[in-house]
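Please open the structure in a viewer and keep a selection tool at hand. The stops below are meant to be followed in order.

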Amino acid sequence: MCFVICCDVMLCPLCGSMGDADVWLSVKGYDYAACPTCGAVRLVPFPDREAALSLYDDSYFETGSHGGYVGYTVDERLHRRNGRSRMRRLGAPQRPGEILVDVGCAFGYTMVEAARSGWQPMGVEVNERARLSAASEGFSVAASFDGLRLGPHGAGAVTFFQVLEHMPDPVGALSHAASVLATNGRVLIETWDRDSVVARLMGRHWQQASPPSVLWLFDKSDLRRMSSLSGFDLVKCRSSTKWVSLGLVTGQLAARKSRFGRALHGGLGRVPLLYCLGDLVTVELRKLG
């Protein structure tokens, strides 16, 4: 599925309507606008695929550029801990050695935990440094889904952990996942809910409203529509928690020019915090037919 873009008018991939989007939120010189028909909220102006992919250079993972991470690799221990939690939510493969594709696998920390849970992980990652690092662990990692060369029914699971909201065509990505999954294959999505209490209270200060890298601000109705359009049954949608470092939190605050964030950042570093504000959700899908 493709986008048709003309100035600030875009064919909505969730409902197919064309019309002027209504501004929902303004952040750092960007607008997030809602489809006038279905309400899906997207970044305006909306980048093309090449512009979107160009944001994920090394600075995105190390210095927080474009709403990214501060010291991603330094927090490996916490990423691995989150990976174990994700694998518990997904469950074991139906057969040992079944393929799991982790889309947006970064440095491969979740794939390490997937392998320990009995899966055969493969990854998709656009950042070259991260991709090479994950491949050095013995995993097959490509810059695009097509690069993995998986045929129909080739995978038992596909995961999108905090990546679907960054993708220009989330419905297309889910449809591609459906094309390589076996019947009853599973998709696990971790993303953010703009209709959560904290998102509504924080408004433009909500941490997930991070242009230009975050292209979509989903709610649960968007996730249901995308699932149906892609050939999946939405099995479960629930609030989730994850571990983050205090250094990440203060770094993001500092990047937003928060005096409080700048004061804290640098001294407290890798202190772990359980993120449990209710705006992070995990969605489980199952392939129909």
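**Stop one: an aromatic cluster**

Select Phe 61, which counts as buried at 6% relative accessibility. The model on display is a predicted one. Phe 61 belongs to an aromatic cluster together with Tyr 56, Tyr 60, Tyr 69, Tyr 72, Phe 107 and Tyr 109. The structure as a whole holds 13 aromatic pairs. Add Tyr 69 to the selection: the ring planes of Phe 61 and Tyr 69 lie at 5°, with centres 6.3 Å apart, so this pair is stacked. Now bring in Tyr 60. How do the rings of Tyr 60 and Tyr 69 pair? Their planes stand at 85° and their centres are 5.9 Å apart, so the pair is edge-to-face. Tyr 60 is buried, with a relative accessible area of 6%.

**Stop two: a bridge between two helices**

Turn next to the salt bridges, of which the structure holds 12. Select Glu 62 and Arg 129, whose closest N and O atoms are 3.6 Å apart in a salt bridge. Glu 62 is in helix H2 (residues 58-62) and Arg 129 in helix H5 (residues 128-135), so the pair ties together parts that are 67 residues apart in sequence. Glu 62 is partly exposed at 24% relative accessibility, and Arg 129 is partly exposed at 37%.

**Stop three: helix H3**

Select residues 76-90, which make up helix H3. The 15 residues of H3 reach 21 Å from first C-alpha to last, close to the 21 Å expected at 1.5 Å a residue. Buried residues of H3 include Leu 78, Arg 80, Arg 86 and Leu 90. Extend the selection from Arg 86 to Phe 161: Arg 86 lies over the face of that ring, 4.4 Å from the ring centre. Just after H3 comes Gly 91, with a positive phi near 90°.

**Stop four: Arg 194 and its partners**

Select Arg 194 and Asp 219, both of which are buried. They form a salt bridge with the closest N and O atoms 3.1 Å apart. Arg 194 lies in the loop between strand S11 (181-192) and helix H7 (197-202), and Asp 219 in the loop between strand S12 (216-217) and helix H8 (220-229), so the bridge ties together parts that are 25 residues apart in sequence. Show Trp 24 as well: the charged end of Arg 194 sits over its ring, 6.0 Å from the centre.

**Last stop: the cysteines**

Select Cys 35 and Cys 38. Cys 35 counts as buried at 5% relative accessibility, and Cys 38 counts as buried at 18%. How many disulfides does the structure hold? The number is zero.

How values were computed:
Residues are numbered from 1 along each chain as its sequence is written. This is a predicted model: local features need pLDDT of at least 70, side-chain atom pairs count only at pLDDT 80 or more; totals for chains, interfaces and linings use all residues. Side-chain values use heavy atoms; hydrogens and water are left out. A disulfide is a pair of cysteine sulfur atoms within 2.5 Å. Buried means under 20% relative accessible area, exposed over 50%, partly exposed in between (1.4 Å probe, protein chains only). Helices (H or I, at least four residues) and strands (E, at least two) are DSSP runs, numbered from the N terminus. The expected span of a helix is 1.5 Å times one less than its number of residues. Rings of Phe, Tyr and Trp (its six-membered ring) pair if their centres lie within 6.5 Å; planes under 30 degrees apart count as stacked, over 60 as edge-to-face and the rest as tilted. A charge sits over a ring if NZ of Lys or CZ of Arg is within 6 Å of the ring centre and within 35 degrees of the ring normal. A salt bridge is a side-chain nitrogen of Lys or Arg within 4 Å of a carboxyl oxygen of Asp or Glu.
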